[in-house]
Number of protein chains: 2
Amino acid sequence: MINNSITVKQAAQALKAADNILLLCHKNPDGDTLGSAGGLMFALKKLGKTCAVCCNDIIPQKYDFLNLEVFEGQFIPDFIVAVDVADTKLLGDKLSGYAENVDLCIDHHPSNTGYAKTVCCDGALPAAAQLVMQVVEELGTELDIDIANCLYTGLMTDTGCFKYSATTAETHIAAAKLLSAGAYHDFIANRFFMSKSRRTIELEKHALNTLEYYFDGRCAVIELPASVLEAVGAQPSDIDGISAMPRTIEGVDVGITIRQVSENMFKVSVRTNENASANEIAAGLGGGGHTKAAGCEVMGSMESVKNAILREVETALCR
Amino acid sequence: MINNSITVKQAAQALKAADNILLLCHKNPDGDTLGSAGGLMFALKKLGKTCAVCCNDIIPQKYDFLNLEVFEGQFIPDFIVAVDVADTKLLGDKLSGYAENVDLCIDHHPSNTGYAKTVCCDGALPAAAQLVMQVVEELGTELDIDIANCLYTGLMTDTGCFKYSATTAETHIAAAKLLSAGAYHDFIANRFFMSKSRRTIELEKHALNTLEYYFDGRCAVIELPASVLEAVGAQPSDIDGISAMPRTIEGVDVGITIRQVSENMFKVSVRTNENASANEIAAGLGGGGHTKAAGCEVMGSMESVKNAILREVETALCR
């Protein structure tokens with residue numbers, strides 16, 4: 001329950017009154033947490049504020065063009081803002097010391113735990129960047145190329161390039177303003193949506209070679225044995241993309257990805273559409289999650305784990 | 001050379017003065033030609049006009065939701081409009097009789113041959129739908145869900161879901177208006193960008209299994225033997241998607257797809273980035289096309305064709 005909610009206007013007022021502002025991102029940073037923090041950083045700098053961005057992990061090279069100023073102790077923070085961070089757990093170990101001292105959280109997750117002193121959250125928005133854009137407009141700072149590149153990256157990556165369901169007319173209007181301000185559309189679109197690493201391609205090949213259909217094509221299963229993951233050098237972000245794939249095949253209601261994490265331990269990712277509950281399927285093997293995306297960890301062999309999850313899928317499809 | 005150019009306003013005036021309007025699409029119809037024709041059809045119907053859409057090919061089932069009224073001789077056409085058709089050759093055999101009698105062409109291809117009596121063309125736009133939207137606004141018809149679904153489909157599919165380089169602030173503003181008018185964002189995004197047929201998935205698997213890199217990873221080659229295409233039952237649209245794939249791999253400047261069309265005949269698709277000219281590579285084997293996408297047909301075996309095109313690629317990469 002969030003009873004410390006504030007409006008965009010109040011968030012902007014608080015930021016105007018502050019200085020030496022530290023902007024916290026979530027761990028395993030993505031385009032939205034970095035782009036949102038960066039957009040706010042450049043806007044605050046335009047107002048003469050001292051501020052910088054801080055993250056538990058090293059910022060991946062593909063975000064270099066955002067030109068974020070990373071916090072390395074160059075000032076003593078007086079005001080701490082978390083951006084796109086729904087829960088203090090997501091700050092990561094290195095930033096956990098800040099958990100009790102976040103002055104303002106700007107977020108778009110309906111699950112935000114309300115950990116900050118004040119929370120500006122709109123759970124209907126597809127990206128935190130869309131909310132940060134409102135804050136930046138309220139701050140009265142004109143959009144420039146730096147702000148635009150950051151916010152466009154957040155908007156584009158968290159909406160899956162304007163295809164996810166929370167995308168609205170307002171999202172497109174925000175995008176239009178950012179392009180008018182000079183955001184590098186081509187560069188950003190190419191970097192995040194028009195290129196794949198050789199590693200990703202190799203992993204997709206292995207995944208497709210194991211693809212099997214069950215229950216009249218209503219369930220598709222992909223297997224990722226440890227040997228393949230090691231040979232390819234797969235990263236967590238590569239596996240996320242693969243897990244989403246089987247469910248997107250025409251006619252498939254339940255997509256299953258079974259990934260071997262050690263000799264006898266397997267992580268099962270369950271993705272569903274409106275015809276089945278991922279959460280119920282995963283719960284059958286002691287896991288859980290959301291209605292359309294859930295997971296569980298199961299001991300056994302690839303074969304026994306597959307049989308176990310298929311029994312849960314069968315039950316779910318018969319409901 | 002187009003010396004019969006007219007403005008959006010003039011196009012709208014001509015349409016207002018007309019009735020019994022036949023809207024022609026290009027053969028192998030895509031979301032933009034169908035969506036643009038459909039958007040115009042619904043707008044003209046709102047003005048009380050008799051009109052219908054006509055295409056050389058059967059309209060694929062996935063466009064059923066556009067609710068196009070297909071021309072089957074229900075009136076005698078008095079005014080003929082071609083939408084998204086750059087050249088009369090693209091009308092297809094069945095519609096070739098109309099080639100000399102097109103009153104108005106609305107298009108976004110810089111290569112438009114100017115075959116129509118009047119041409120309203122903006123080669124800078126990413127989709128014909130964006131231009132048709134301007135015409136619809138000029139007609140004074142309010143956007144409704146039917147018009148919006150058609151134009152949003154055109155806009156979304158021809159921009160690759162707002163990722164291709166011709167996407168601008170104006171494109172997003174058009175998208176915002178169409179969503180405000182009730183376009184089924186979720187449905188359209190899911191249908192065109194979040195699902196793949198089992199056939200496509202099967203073809204991708206075969207393609208990835210043949211993937212090879214050359215010249216320090218600057219060239220990627222995919223082979224599609226006739227046996228695979230037959231086994232999968234591949235459609236032209238499936239192959240288009242595959243041809244685009246090798247070039248999108250990180251570090252690849254030239255993507256090659258070799259497709260066997262008969263025992264001794266092979267179609268080679270060449271895709272490049274700014275580091276090489278697809279047109280020059282294809283021209284080396286008697287083909288041609290655009291700077292970034294070109295093709296040629298070559299006699300021989302899969303192996304000899306591959307060697308021949310690789311020699312052209314090597315020359316291009318050394319330039």
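The radius of gyration used here is taken over C-alpha atoms, and the globule rule is 2.2 Å times the number of residues to the power 0.38. The structure in these exercises is a predicted model.

**Exercise 1. The chain as a whole**

Task: Find what radius of gyration a compact globule with 319 residues would have, and set the value of chain A beside it.

Solution.
Step 1. For 319 residues the rule gives a radius of gyration near 20 Å.
Step 2. Chain A has 21 Å, which agrees with a compact globule.
Step 3. Along its principal axes, the C-alpha trace of chain A spans about 60 × 40 × 35 Å.
Step 4. Of the 319 residues in chain A, 55% are buried.
Step 5. Among contacts in chain A with a separation of 6 or more, 65% are accounted for by residues 24 or more positions apart.
Step 6. The secondary structure of chain A consists of eleven helices and eleven strands.

**Exercise 2. The open sheet**

Task: In which order do the five strands of the open sheet of chain A stand, and is the pairing parallel or antiparallel?

Solution.
Step 1. The order is 2-1-3-4-5, and the pairing is parallel.
Step 2. Strand 2 (51-54) and strand 5 (118-121) of chain A are the edge strands, each pairing on one side only.
Step 3. On average, neighbouring strands of this sheet are turned by 20° against each other, direction ignored.
Step 4. At one edge, four bridges join strand 4 (residues 104-107) of chain A to strand 5 of chain A. A:C105 has A:V119 of strand 5 of chain A opposite.
Step 5. Helix 1 (residues 8-17) of chain A packs on the sheet and touches strand 1 (21-24), strand 3 (79-83), strand 4 and strand 5 of chain A. The direction of this helix makes about 140° with that of strand 3 of chain A.
Step 6. Helix 2 of chain A also packs on the sheet, touching strand 1, strand 2, strand 3 and strand 4 of chain A. The direction of helix 2 makes about 170° with that of strand 2 of chain A.

**Exercise 3. The two faces of an edge strand**

Task: Which residues of strand 2 of chain A lie on one side, and which on the other?

Solution.
Step 1. In a regular strand the side chains alternate between the two faces of the sheet.
Step 2. A:C51 and A:V53 are on one side, with A:A52 and A:C54 on the other.
Step 3. These residues are all buried, and both faces of strand 2 of chain A are covered.
Step 4. Strand 2 of chain A pairs with strand 1 of chain A in the parallel sense over four bridges. Opposite A:A52 stands A:L22.

**Exercise 4. Helix 4 of chain A**

Task: What span should the 14 residues of helix 4 (residues 145-158) of chain A have at 1.5 Å a residue?

Solution.
Step 1. The expected span is 20 Å, and the end C-alpha atoms are 20 Å apart, which agrees.
Step 2. At the start of the helix, a side-chain oxygen of A:D144 comes to within 3.2 Å of the backbone nitrogen of A:D146.
Step 3. After the helix comes A:G160, whose phi is positive, near 60°.
Step 4. Eleven of the 14 residues are buried, leaving the helix mostly covered.
Step 5. The buried residues pack against helix 2 (31-46), helix 3 (128-139), helix 5 (169-180) and helix 6 (185-193) of chain A, and also against helix 5 (169-180) of chain B.

**Exercise 5. Two threonines in helix 4**

Task: Why does A:T157 count as buried?

Solution.
Step 1. Buried means under 20% relative accessible area.
Step 2. A:T157 has 18% relative accessibility and therefore counts as buried. A:T153, with a relative accessible area of 0%, is buried too.
Step 3. Leaving aside neighbours within four places in sequence, A:T157 is in contact with A:G31, A:D32, A:F192 and A:F193.
Step 4. On the like count, A:T153 touches A:G31, A:Y63, A:F65, A:L66, A:I188 and A:F192.
Step 5. The side chain of A:T157 reaches the backbone oxygen of A:G154 at 3.3 Å.

**Exercise 6. The partner helix in chain B**

Task: Against which helices do the buried residues of helix 5 of chain B pack?

Solution.
Step 1. The buried residues of helix 5 of chain B include B:A169, B:T171 and B:H172.
Step 2. They pack against helix 4 and helix 5 of chain A, together with helix 3 (128-139), helix 4 (145-158) and helix 6 (185-193) of chain B.
Step 3. Helix 5 of chain B has twelve residues and reaches 17 Å from its first C-alpha to its last, close to the expected 16 Å.
Step 4. B:G182 follows this helix, with a positive phi near 105°.

How values were computed:
Residues are numbered from 1 along each chain as its sequence is written. Chains are lettered from A and ligands numbered from 1 in the order in which they are written. This is a predicted model: local features need pLDDT of at least 70, side-chain atom pairs count only at pLDDT 80 or more; totals for chains, interfaces and linings use all residues. Side-chain values use heavy atoms; hydrogens and water are left out. The expected span of a helix is 1.5 Å times one less than its number of residues. Buried means under 20% relative accessible area, exposed over 50%, partly exposed in between (1.4 Å probe, protein chains only). Contact means heavy atoms within 4.5 Å. A polar contact is a pair of N or O atoms within 3.5 Å; within protein, one must be able to donate a hydrogen and the other to accept it, and residues adjacent in sequence count only if both atoms are side-chain atoms. Two strands pair if DSSP finds at least two bridges between them. Axes are lines fitted to C-alpha atoms, for helices over the stretch in contact, and angles run from 0 to 180 degrees between N-to-C directions.
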